[in-house]
Amino acid sequence: MKPRRKLATLRKPDYFPAENVLTGLDAPRLLALGREFEQFRFVNCDLSGAALGNLRFEDCLFERCNLTTAKLTGTALQNVAFADCKLLGVPFGACQDMLFGVHFDQCQLRYAAFGGKRMAGTRFVQCSLDEADFTNADLTGAVFEHCDLTRTGFHNTTLAGADFTTATGFSLDPETNTLTGARFALAGLPGLLDKHGLVVE
């Protein structure tokens, strides 16, 4: 048997020039800085409901920021990390597809929408993803580490090789999602059997 080949994953951005570390911004002050941001670190910024369409963020980190219901139509998120952020209802599916790459650590992602996005190898660590939507997304090799997936929508989603071993609350239909090589803990098996009404004891 051939060894499983690991997906190449983006390296989380970790270098930010001192002048690119910005704290406490709101949307008007952010937009006044321009349309393109490379190697920026945003800390404690309130961008909730902000119109951030057609901006470009590359190798950036949002830390303890609120982007709830921010508008991202045409926004480029190219290797962007979110840490301890509130991202309720954020329509990530509206972002540019080219070079789309994100990381999530300890984020609130309830109602976030990722429909149709190619997100192979994406890591979600200790995130709340209840009622998020991954319809038609490609999550090949994605990792859901200690994530709450209660009522998360997976439909026609590619989850080959994805890691659900520490995830909770998920319900996946093997008939409408690609699960080849996906990993589950024994305790997570009921989440694969909901549709069929089977009981694991």
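Here are two short exercises on the fold and the salt bridges of this protein.

The model is predicted, so local features need pLDDT of at least 70 and side-chain atom pairs count only at pLDDT 80 or more, while totals for chains, interfaces and linings use all residues. Residues are numbered from 1 along each chain as its sequence is written, and side-chain values use heavy atoms, leaving out hydrogens and water.

**Exercise 1.** Work out how many helices and strands the protein has, and in which pattern they follow.

*Solution.*
- Step 1: look for DSSP runs, where helices are H or I with at least four residues and strands are E with at least two, numbered from the N terminus.
- Step 2: this gives 2 helices and 8 strands.
- Step 3: read along the sequence, they follow β-α-β-β-β-β-β-β-β-α.

**Exercise 2.** Find the partners that Arg110 meets in salt bridges, and say whether each is buried or exposed.

*Solution.*
- Step 1: look for a side-chain nitrogen of Lys or Arg within 4 Å of a carboxyl oxygen of Asp or Glu, which defines a salt bridge.
- Step 2: one partner is Asp130, with the closest N and O atoms 3.0 Å apart. Asp130 lies in the loop between strand 7 (123-125) and strand 8 (143-145) and Arg110 in the loop between strand 6 (101-105) and strand 7, so the pair ties together parts 20 residues apart in sequence.
- Step 3: Glu131 also forms a salt bridge with Arg110, at 3.0 Å from N to O.
- Step 4: apply the cut-offs for relative accessible area: buried is under 20%, exposed over 50%, partly exposed in between (1.4 Å probe, protein chains only). Asp130 is buried at 10%, while Glu131 is partly exposed at 27%.
- Step 5: finally, a network of salt bridges links Arg110, Asp130, Glu131 and Arg151.
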